[in-house]
Every structure is written in structure tokens, then in C-alpha cells.
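Visitor: Got a minute to walk through this one with me? I'd like to start with the odd backbone spots and then move on.

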Amino acid sequence: MSRIGKLPISIPQGVTVNVSDKNEVTVKGKLGELKQKVHPSVKISQEDGHLHFSVTDNSKQSNAYHGLYRALVHNMVVGVSEGFTTELEMVGVGYKATATGQVIEFTLGFSHYIYLELCPEIKVETTAEKGKNPMIKLTSFDKQLLGQVVAKIRSFRAPEPYKGKGIKFKDEVLRRKAGKTAAKK
């Protein structure tokens, strides 16, 4: 049995969870609505403000699904009640990002600009203060979608280990490498 799957999910005030007979979970809250189809080997029961997950058989695959779907539904409940935020920092001379509505324009040292159009579920803010690196703040109630967008943005200029240039998470610590001059000593 999965250790994560055994944990119950408490449903906060203002969040409604509906489990259909086709094993589809719908979570509605103040920030939005999310749906997730659950594998038939995982059963969901709702009692006195908590969701409980159990498996029909004790196979290794069912135990994996047990923890997976519990984590996915938990992320949905947290997302529609509180939301998720990710902050990215752009390190490099001349790197900047400007957001106009749902489109972000990146200047990343290429000969062209990069434009990324975001889904309406994601809110974006960009800040650029003098003497500090430009920041991008992304907020959404869908954790999976937010992670995919952040991965796409990081792929434009992944942080490199020699000078530390690129797009990285706000508090990410990069492992730095010594250059060629360190090898000569």
C-alpha cells in the first residue's frame, strides 16, 4: 500500500469535490475548476470533509496509481483554493522580459525576440529594477500547466554552469564549474 495514498485529503471551506461513477473527479473552488480521470483500480470515498483513496487489488501497479492519483487530486484541491506561484530570474546582460496581456516578449541575446502566448489560466507579472535581475512571476490554479509553461520558458535559455547565465528559479543554486584557467594550475 502506498504511504502517500493512505493520507486523507481535507477539503477546505469553499471547495466542492464531485466524484462521478466513471471515476472522474471534479474540483471547484474560488480560483477555478479542474477535472481528473482516475484509474479504475483506485476507489475514492468522501466522508465528513475528507477524501480517502483505496485500491481494489494489491498489485504493484495499483499501489503506484494509489499514490499518484492521491497526489494529483491533492494538487487540484490546493490549486483551486490557494493557487500556485513560480518566480523565475533572468541572469545575463541585456536579458529582459515584458508582459503585455497574455503574451511575454523575451530578449535573451538572440538576433530575434521570442514571444510566448500564455493560456488564460496563467497570470503573469514581470519586474525589472535597476541593479537587479529581471523577474517573471507566474501564478495559476493548475500545477501541471504551470510546470509545463515554466519548463518551456526555461528551455529558451537554460542556466549554464560556467557564468551562471540563463533563466533560473528565484532561489535556485547552480553548481558552478571552473573554466579552462583552473586546469592549468
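Visitor: Where is Asp48?

Guide: Asp48 is in the loop between strand 5 (42-47) and strand 6 (50-55). Keep in mind that this is a predicted model.

Visitor: What's the phi of Asp48 like?

Guide: Positive, near 30°, and Asp48 is a residue other than glycine.

Visitor: Buried or exposed, that Asp48?

Guide: Exposed, because its relative accessibility is 73% and the cut-off for exposed is over 50%.

Visitor: And Asn23, what about its phi?

Guide: Asn23 has a positive phi too, about 60°, although it is not a glycine. Asn23 lies in the loop between strand 2 and strand 3. With 12% relative accessibility, Asn23 counts as buried.

Visitor: Okay, on to the sheet around there. In what order do the strands of the open sheet come?

Guide: The order is 2-3-4, with 3 strands and antiparallel pairing. Strand 2 (16-19) and strand 4 (33-37) are at the edges with a single partner strand each, so one side of each has no neighbour in the sheet. On average, neighbouring strands of this sheet are turned by 15° against each other, direction ignored.

Visitor: How many bridges join strand 2 to strand 3?

Guide: 4 bridges, and strand 3 covers residues 24-28. To pick out one of the residues involved, Asn18 has Thr26 in strand 3 as its bridge partner.

Visitor: Which helix packs on the sheet?

Guide: Helix 2 (residues 60-81), which touches strand 2, strand 3 and strand 4. The direction of helix 2 makes about 175° with that of strand 4.

Visitor: What do the ends of helix 2 say about its span?

Guide: They agree with the expected span. At 1.5 Å a residue, the 22 residues of helix 2 should span 32 Å, and the end C-alpha atoms are 32 Å apart. Just after helix 2 comes Gly83, with a positive phi of about 90°.

Visitor: Switching to helix 3. Which of its residues are buried?

Guide: Leu145, Leu146, Val149, Val150, Ile153, Arg154 and Phe156. The cover over the buried residues of helix 3 includes strand 7 (84-91), strand 9 (103-107), strand 10 (114-117), strand 12 (135-140) and strand 13 (166-169).

Visitor: And the span of helix 3 (residues 143-156)?

Guide: Its 14 residues should span 20 Å at 1.5 Å a residue, and the end C-alpha atoms are 21 Å apart, which agrees.

Visitor: What does Ile167 touch?

Guide: Not counting residues up to four places away in sequence, Ile167 touches Leu88, Glu89, Met90, Leu108, Ile153, Arg154, Arg157 and Pro159. Ile167 is in strand 13, and at 0% relative accessibility it counts as buried. From Ile167 to Arg154 is 13 residues in sequence and 5.5 Å in space, C-alpha to C-alpha.

Visitor: You mentioned Arg157. Which ring does its charged end sit over?

Guide: The ring of Phe110, at 4.3 Å from its centre. As for ring pairs, a search of the whole structure turns up 3 aromatic pairs.

Visitor: Last one: where's Lys165?

Guide: In the loop between helix 3 and strand 13. Lys165 counts as partly exposed, at 34% relative accessibility. Apart from neighbours within four places in sequence, Lys165 is in contact with Val91, Gly92, Tyr95, Ala158, Pro159 and Glu160. Lys165 and Gln46 are 119 residues apart in sequence, and their C-alpha atoms are 48 Å apart in space.

Conventions:
Residues numbered from 1 in each chain as written. Predicted model: local features only at pLDDT ≥ 70, side-chain atom pairs only at ≥ 80, totals over all residues. Heavy atoms only, no water. Phe/Tyr/Trp six-rings, centres within 6.5 Å; stacked < 30°, edge-to-face > 60°. Lys NZ or Arg CZ within 6 Å of the ring centre and 35° of its normal. Pairing = 2+ DSSP bridges. Helix = DSSP H or I, 4+ residues; strand = E, 2+ residues; numbered from the N terminus. Axes fitted to C-alpha atoms, helices over the stretch in contact; angles between N-to-C directions. Contact = heavy atoms within 4.5 Å. Expected span 1.5 Å × (residues − 1). Buried < 20%, exposed > 50% of the residue type's maximum accessible area, 1.4 Å probe, protein only.
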